[in-house]
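Student: Got a minute to go through this model with me?

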Amino acid sequence: MKAVSSSSPYNLKPMLGASQPAPATARMARSSRCQWQTSCAILSSNVVSQEQSDSLSVPPVSDGVDHVAAVNGHNGAARMNLVPIEKSDSNPLVSKLHHPQKPLSMTDLSPAPMHGSNLRVAYQGVPGAYSEAAASKAYPNCQAIPCDQFEVAFQAVELWISDRAVLPVENSLGGSIHRNYDLLLRHRLHIVGEVQLPVHHCLLALPGVRKEFLTRVISHPQGLAQCEHTLTKLGLNVAREAVDDTAGAAEFIAANNLRDTAAIASARAAEIYGLEILEDGIQDDASNVTRFVMLAREPIIPRTDRPFKTSIVFAHEKGTSVLFKVLSAFAFRDISLTKIESRPNHNRPIRLVDDANVGTAKHFEYMFYIDFEASMADARAQNALAEVQEFTSFLRVLGSYPMDMTPWSPSSSTSYTSSS
């Protein structure tokens with residue numbers, strides 16, 4: 001290919017600097033060469049990817065030579081002095097010109113697993129935890145990476161140890177997992193999806209242990225809360241102790257041969273750690289579902305061709321007085337809210353208001369988390385957030401992501417096993 005003249009609209013001089021660079025380090029030379037290669041690749045791809053249209057009349061370069069596709073409406077052969085390509089069935093370049101590559105789709109723009117391997121997904125707990133099942137449901141055939149704490153799962157994604165994290169944020173019986181709401185604000189990861197997992201709890205103990213000999217039951221705080229009334233109905237006079245996760249409770253009993261202790265965990269945890277199921281389905285309600293969010297280093301591109309949900313967090317320096325105005329911004333545009341949560345503002349937990357007549361008033365300061373059913377690609381959501389920004393001193397979009405629309409069924413031991 002001949003050098004592009006300075007009068008050509010495709011002149012590369014602004015990109016590459018002077019035509020004769022002064023002596024520089026090897027690194028600068030490599031950088032200029034990379035820029036030159038990139039520019040040539042862009043120009044070549046423009047030529048190859050555009051098919052010649054019958055409506056475009058491009059004069060032939062010479063007899064027996066293919067017409068060269070126009071680039072941005074200009075005659076590529078005349079402007080760029082391209083080398084003509086001879087017609088030949090054996091010439092691979094000719095087949096590429098007549099059969100251009102498929103254009104990139106939205107799927108092609110999505111982040112791909114590193115090194116072509118399966119996606120690495122971090123979760124909190126040990127094998128057999130419900131979070132592991134949620135990770136497998138969100139990303140089938142993924143490489144699940146157990147983490148001992150929620151914050152470790154966040155850090156695993158930030159440090160490129162894992163590609164995603166799947167963490168619980170709320171349960172239909174136990175409510176919100178406040179720790180993860182605080183971590184969402186502390187870290188800079190993006191919510192890229194959600195998954196809802198039916199949770200089926202079992203009372204597990206070592207083989208041969210009977211319920212009447214139990215003195216304590218251990219599980220994750222959410223597990224204990226979700227089975228509180230059932231444990232009372234079983235007539236168990238036991239202490240209830242919280243541990244890091246449900247499967248970890250089962251592992252702890254098996255590792256220490258505790259014959260006076262039972263765990264609230266899944267049927268799969270019983271299989272993994274060699275425990276027996278004393279009671280099956282001990283959650284207080286069969287409609288026991290935990291919602292997990294999928295976290296990544298980069299956000300996904302919002303769309304409008306399927307149901308999307310958007311999560312935000314905001315605060316105001318004057319306290320909660322603007323909450324009504326914020327909610328009105330969504331109500332006015334008929335945007336449904338699916339979640340509202342308040343958490344203490346750790347940067348400013350208390351606001352003092354002095355009044356000469358009545359003294360000093362102390363107001364607690366809060367961060368507000370809201371989920372609403374709309375995509376950030378929707379003009380309604382964009383206008384609503386523009387209005388919210390006027391009322392708030394802090395606003396952050398945690399993510400805009402597809403809603404979990406899988407068919408719902410009451411929890412059962414088979415539903416958990418099939419998802420893990």
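Tutor: We'll take a strand, then a loop residue, then a surface patch. This is a predicted model: local features need pLDDT of at least 70, side-chain atom pairs count only at pLDDT 80 or more, and totals for chains, interfaces and linings use all residues. Residues are numbered from 1 along each chain as its sequence is written, and side-chain values use heavy atoms, leaving out hydrogens and water.

Student: How many residues of strand E9 are buried?

Tutor: Five of five, across residues 261–265. Buried means under 20% relative accessible area, exposed over 50%, partly exposed in between (1.4 Å probe, protein chains only). Strands are DSSP runs of at least two residues, numbered from the N terminus.

Student: Which residues sit on each side of E9?

Tutor: Thr 261, Ala 263 and Ala 265 on one, Ala 262 and Ile 264 on the other. In a regular strand the side chains alternate between the two faces of the sheet.

Student: Which strands pair with E9?

Tutor: E6 (202–205) pairs antiparallel over three bridges, with Leu 203 bridged to Ile 264. E7 (216–219) runs parallel to E9, also joined by three bridges; there Val 217 partners Ala 262. Pairing needs at least two DSSP bridges between the strands.

Student: New topic. Is Asn 288 buried or exposed?

Tutor: Buried, at 0% relative accessible area. Asn 288 lies in the loop between E10 (276–280) and E11 (289–296).

Student: And Phe 364, buried or exposed?

Tutor: Exposed, because its relative accessible area is 54%. Phe 364 belongs to strand E15 (359–364).

Key
Helix = DSSP H or I, 4+ residues; strand = E, 2+ residues; numbered from the N terminus.
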